[in-house]
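Below is a brief report on one structure. Please keep the sequence and the 3D view open while reading.

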Amino acid sequence: MSARIDALPEGITTLADYEPLARACLNPTTWHYLHDGSGNGLSLAANRQAFETVPLIPRPLVDVRQGNTRLTLFGQTLLHPILLAPIAYQRLFHPDGECATSMAAAAQGGAMVISSLASQSIEEIVEAGCQIGVAPWFQLYWQGERERTLRLARRAEVAGCPALMLTVDAPFKQSTLVLPEGVAAENLEQPLMADQVPSGQSRVFQGWMAQAPTWDDLAWLRERIRLPLIVKGVLHPDDAERVVGLGCDGLVVSNHGGRVLDGAPASLLALPPILSRVAGRVPVLLDSGIRSGCDVFKALSLGASAVLLGRPYIWGLACAGAFGVAHVIRLMRDELEATMALCGCAELSQIVQTRNL
Ligand code: FNR
């Protein structure tokens, strides 16, 4: 990591205050890569609308003086339920990249999920978190073939990641981002997507999708992975059922922050039918559209075990490196605790009961 010391920006009181500051720190291309949704941005907008329609009912006069937000997830004890979602190429946003994120997450008693497309080595990112006391998880993108995918998974396991998250909802690259000199996917044996298309064949079916994983591949991987395996990018209850049936340890209800299939429902709306089907057999996490501690409370009140935060922590990273990321998480934790206190909850497990009106 560089020796650069970032100062926290002044006058920040909520996460939203970071957004315009981050935009001012980044060049327009990088900003659009971070911010934009796919297509017309329908799913991106739907994520926010969904959170806005969930009401919170105040429950005064409850003694919450012993309150806390601790939880145990896949065997790891965390101080709060806000994980940092896998986000690619973090050295685009700050020279300290993923190592800064890993340190900040650990300093706040939570875990980050390292992207397969990280711009620093898995080992150094794990080391940055572990020296503060929390090991990051690893997000796996299918690497075109089974053995190559397994090698990447094993590398993360050997490095010390306690859980693996296989992302299944983005089987091909949609972004047209051209990486600047010095920023690359440091941990991949070869680029994810060959751009060649067999002549006379479909660019999509025989081209982009040729290297995408199938249910058989997931079953194959599950049998070979000892770590908890969580599948990210599930929006249909039948798929959730199949993921659980294959012996996976958890799933993330996500529309990838509105970045893949434009028209996919808000993940918050997809959550209740999936929870009904999963029926408590594995933890169900949620991401896409979380912008405050209130949103975390709302997701947990519908039954999510934890959430993943995406773009907002990158705003903090862009503005002030590790300090900015830690500040973003702290702001969210404070908002979550305040919402719990006002809704009469001293522990996370009580939040889901607030929906039983
Ligand atoms: C992502 N996301 C993502 N997901 C993943 O599994 N692997 C990845 O490498 C990336 N990369 C990535 C880059 C950028 C710039 C963004 C914004 C997102 C998706 C991410 O993990 C998460 O699902 C969404 O960001 C959650 O939505 P919000 O919180 O950004 O609305």
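Is Tyr89 buried or exposed? Tyr89 is buried, because 23 C-beta neighbours lie inside 10 Å, and 20 or more are enough for that class. The model is a predicted one.

**Two positive phi values**

Tyr89 sits in the loop between strand 3 (82-84) and helix 4 (97-107). Its phi is near 45 degrees, a positive value in a residue other than glycine. Ala279 is another non-glycine residue with positive phi, here near 50 degrees. Ala279 also belongs to a loop, the one between helix 10 and strand 9 (284-287). The surroundings of Ala279 are sparse enough for the exposed class: 9 other C-beta atoms lie within 10 Å, so Ala279 counts as exposed.

**Ligand shell**

The ligand is surrounded by 23 residues. Ala85, Ser115, Thr167, Gly257 and Gly310 are the closest of them. How many residues of the shell are charged? The answer is 4, alongside 9 nonpolar and 10 polar residues.

**Nonpolar core**

The largest nonpolar core holds 109 residues. Leu164, Leu251, Val253 and Val307 have the most contacts inside this core. Helix 12 (residues 311-342) supplies the largest share of the core, with 17 residues.

Val307 can be followed outward. Leaving out residues up to four places away in sequence, Val307 touches Pro81, Ile82, Leu285, Leu286, Asp287, Ile290, Val296 and Ala299.

**Helix 9 against helix 10**

Helix 9 (residues 237-245) packs against helix 10 (residues 267-278). The angle is about 35 degrees, and the axes are 9 Å apart. The crossing of helix 9 past helix 10 is right-handed. Which residues meet here? Helix 9 brings Pro237, Ala240, Glu241 and Val244. Helix 10 brings Pro273, Ile274, Arg277 and Val278. By type, the contact has 6 nonpolar residues, 2 charged residues and no polar ones.

**Four sites along the chain**

The next sites are each paired with a distant or less distant partner in sequence. The table gives C-alpha separations.

| Pair | Sequence separation | C-alpha distance |
|---|---|---|
| Gly263 and Asn40 | 223 residues | 8.8 Å |
| Cys294 and Gly344 | 50 residues | 14 Å |
| Gly11 and Asn27 | 16 residues | 23 Å |
| Val126 and Val352 | 226 residues | 33 Å |

Start with Gly263. This glycine is found in the loop between strand 8 (250-253) and helix 10. Gly263 is exposed, since 12 C-beta neighbours lie inside 10 Å, and the exposed class covers 12 or fewer. Which residues does Gly263 contact, leaving aside neighbours within four places in sequence? They are Leu42 and Ser43. Asn40, 223 residues away in sequence, is 8.8 Å from Gly263, C-alpha to C-alpha.

Cys294 comes next. Its place is in helix 11 (residues 293-302). With 19 other C-beta atoms within 10 Å, Cys294 is partly exposed; a residue needs 20 or more to be buried. Beyond its neighbours within four places in sequence, Cys294 is in contact with Leu56, Glu335 and Thr339.

Where does Gly11 lie? Gly11 is in the segment before helix 1 (18-25). Gly11 counts as exposed because 6 C-beta neighbours lie inside 10 Å. The C-alpha atoms of Gly11 and Asn27 are separated by 23 Å, although the two residues are 16 places apart along the chain.

Val126 closes the list. This valine is part of helix 5 (residues 122-130). Why does Val126 count as buried? Val126 is buried because it has 24 C-beta neighbours inside 10 Å. Outside the range of four places in sequence, its contacts are Ala135, Pro136, Ala159, Gly160 and Cys161. Val352 is 226 residues from Val126 along the chain, with 33 Å between their C-alpha atoms.

How values were computed. Residues numbered from 1 in each chain as written. Predicted model: local features only at pLDDT ≥ 70, side-chain atom pairs only at ≥ 80, totals over all residues. Near = placed C-beta within 6 Å. Nonpolar A, V, L, I, M, F, W, Y, C, P; charged D, E, K, R; others polar. Core = buried A, V, L, I, M, F, W, Y, C linked by C-beta atoms within 7 Å. Helix = DSSP H or I, 4+ residues; strand = E, 2+ residues; numbered from the N terminus. Contact = placed C-beta atoms within 7 Å. Axes fitted to C-alpha atoms, helices over the stretch in contact; angles between N-to-C directions. Left-handed = near helix turned anticlockwise from the far one by under 90°.
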